[in-house]
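Visitor: I should like to go through this structure with you, one question at a time.
Guide: Please have the sequence and the model in view before we begin.

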Amino acid sequence: MAQRENIGAILVREGLVTDDDLKRARAIQTESGEALTRVLVEESLIDETKLVRVLAGHMGIEFVSLADEKVDPAAAALIPETLSRRYSVIPYGFDDDALLVAMADPSNVLVVDDIRAITGMRVVPRISTRSDIDDAIRRIGRYDDSVSDLADLVSDDDVPEDLSKIEAAVEEAPIIKLVNTLVTRAVNERASDIHVEPGEQDLRVRFRIDGVLHQIMSMPRSISGAVVSRLKIMAELDIAERRVPQDGRVSLRVAGRQIDLRVATLPSIYGEKVVIRILDKDDAILGLPDLGFLPETLDRFELSYRKPYGTILVTGPTGSGKTTTLYSTLNILNEPDVNIITVEDPVEYRLPGVTQVQVNRKAGLLFATVLKSILRSDPDIILVGEVRDGETAKIAIEAVLTGHLVLTTLHTNDASSSVGRLVDMGVEPYLVSSALDSILAQRLARRICDRCKRSKKVSGDLVRQMGFDPDDGPLTIYDSVGCATCSDTGYRGRISINEILLMTEEIQRLAVERRPSDEIKAVAVEQGMKTLRRDGMEKVKRGLTTLEEVLRVVV
């Protein structure tokens, strides 16, 4: 950048770094050959945004925050993505006949000349942080001419009947590029699922981001057969079979990350719907505090998973993060002197050092049959993907009584109702009370975006309804607003809401007596259990999520 020899002095004068930090950075710069500014940021010696703002002022170039500024896709599409990534530049808008370009290094006149030559427009450089530019590049989905090219390639009349034309179409570059772009964009936008849905007039694509579906694009119906067939070929499914549901899996690398896709097809009146579950191995194993556990809840949970034997139940509806919590717990327990075996349907993430078994119904390999074999394989810890029937529940309980730690999931609404659910499945109440150690109920709420959240004061009845004492004064909570960082949703990421019930002697007695879940819950609360609602409200109070979001996921 301009004035390279003066950058250090400028930053020291502005009070952004100390002389000692500057000396340390220069020593690293001498060894690595990297720019001084990059060394300062990578070594966490200076905040990147503050650095760039100061440099912008001294260079006389306007600073732009791409986290707050919407990037115009039409502007971004004017230069190749490879150029954007190589030089950390992105056109983000227009000013009359000029192209506004955010650059990490606006003094690079060669890049400015290249952009001017490619676009034929006058270029107005702006300075922005490298991380903001990289995030903006990832956010912009590039479809180019794939859709229109494919629409010309495959006509409406050909798609339903002519399988040979579909097979030819899916091997063409436009359809491959389109499908790859869909997957890449979904990964970059942190989507957990892609829904490809044929309709009467078009093919709709939706992403599930932070648990909520968002429509991403609509394509001509003429290409639906080719898009669906391309996805089926990737997952090694039968493209000629459209009458029954199919399931498959595919592994690939996206932007340097290893991604697994679980592909499921479902016949509908307008064609096959495809739902793709995205399993990002880089995000598979998080620490329990990163999942959103409050410290006091985490302490109660640790009392259970540190014991040598007992059953830990994680309960909640589909998509409430039960498997992620179990994997994160296993990751803590996974030591060289411990034999961990799992039985899952399907195995979602590969865990190094853990023996993982996948259920295979066609071969007769069910949870119950696998569990019997696992008990002969000298396990210390067993993970059962889900207790679906009485036989599986009984074998899991027997495993606990023979000195094993068993972790499993169950579909119930809260922790206290899980006791009665096991009894209803045919497990004797005295076995439930003696083998169960703890029950963790869980929901997922969207985490409020830290960049754009807006505070407000609440008092009186609303504070009381949240479960807090209004006499303590008003509370500060936050509303979601929306910005470029969170794609105008107001939320970015998710956080778990938990309640953990420990099987104390009193609760064991209630279980043996088959007392209703309300009584069990009341006793558990007296003994220190935070209910799902209370846990959620604590996270609203701490500014982690919004009141509306907690009320959306917790009754």
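Guide: Helices here are DSSP runs of H or I with at least four residues, numbered from the N terminus. The model is a predicted one.

Visitor: Which residue just after α13 takes a positive phi?
Guide: Helix α13 covers residues 224-234. Just after α13, a positive phi of about 60° is found at Glu 236.

Visitor: How many of the eleven residues of helix α13 are buried?
Guide: Burial requires under 20% relative accessible area. Among the residues of α13 that meet this are Arg 230, Lys 232 and Met 234. The helix is largely enclosed by the rest of the structure, because the number of its eleven residues that are buried is ten.

Visitor: Is Thr 392 buried or exposed?
Guide: Thr 392 belongs to helix α18, residues 390-401. Leaving aside residues up to four places away in sequence, it touches Phe 367, Ala 368, Leu 371, Val 384, Glu 386 and Val 387. Since the cut-off is under 20%, a relative accessibility of 1% makes Thr 392 buried.

Visitor: What is the relative accessible area of Asp 380?
Guide: Asp 380 sits in the loop between α17 (367-374) and β13 (381-384). With Glu 335, Asp 337 and Asp 378, Asp 380 forms a negative surface patch. Patch residues have over 30% relative accessible area, and Asp 380, which is partly exposed, has 34%.

Visitor: What percentage of the 555 residues in the protein chain is buried?
Guide: The protein chain contains 25 helices and 18 strands. Its exposed surface is about 25800 Å². Of the 555 residues, the buried share is 50%.

Key:
Residues numbered from 1 in each chain as written. Predicted model: local features only at pLDDT ≥ 70, side-chain atom pairs only at ≥ 80, totals over all residues. Heavy atoms only, no water. Patch = residues over 30% accessible without salt bridge, like charges linked within 9 Å, V, L, I, M, F, W, Y side chains within 5 Å. Areas by Shrake-Rupley, 256 points an atom, 1.4 Å probe, with all protein chains shown as cover. Salt bridge = Lys/Arg side-chain N within 4 Å of Asp/Glu carboxyl O. Lys, Arg positive; Asp, Glu negative; His and termini not counted. Charge placed at Lys NZ, Arg CZ, Asp CG, Glu CD. Helix = DSSP H or I, 4+ residues; strand = E, 2+ residues; numbered from the N terminus. Buried < 20%, exposed > 50% of the residue type's maximum accessible area, 1.4 Å probe, protein only. Contact = heavy atoms within 4.5 Å.
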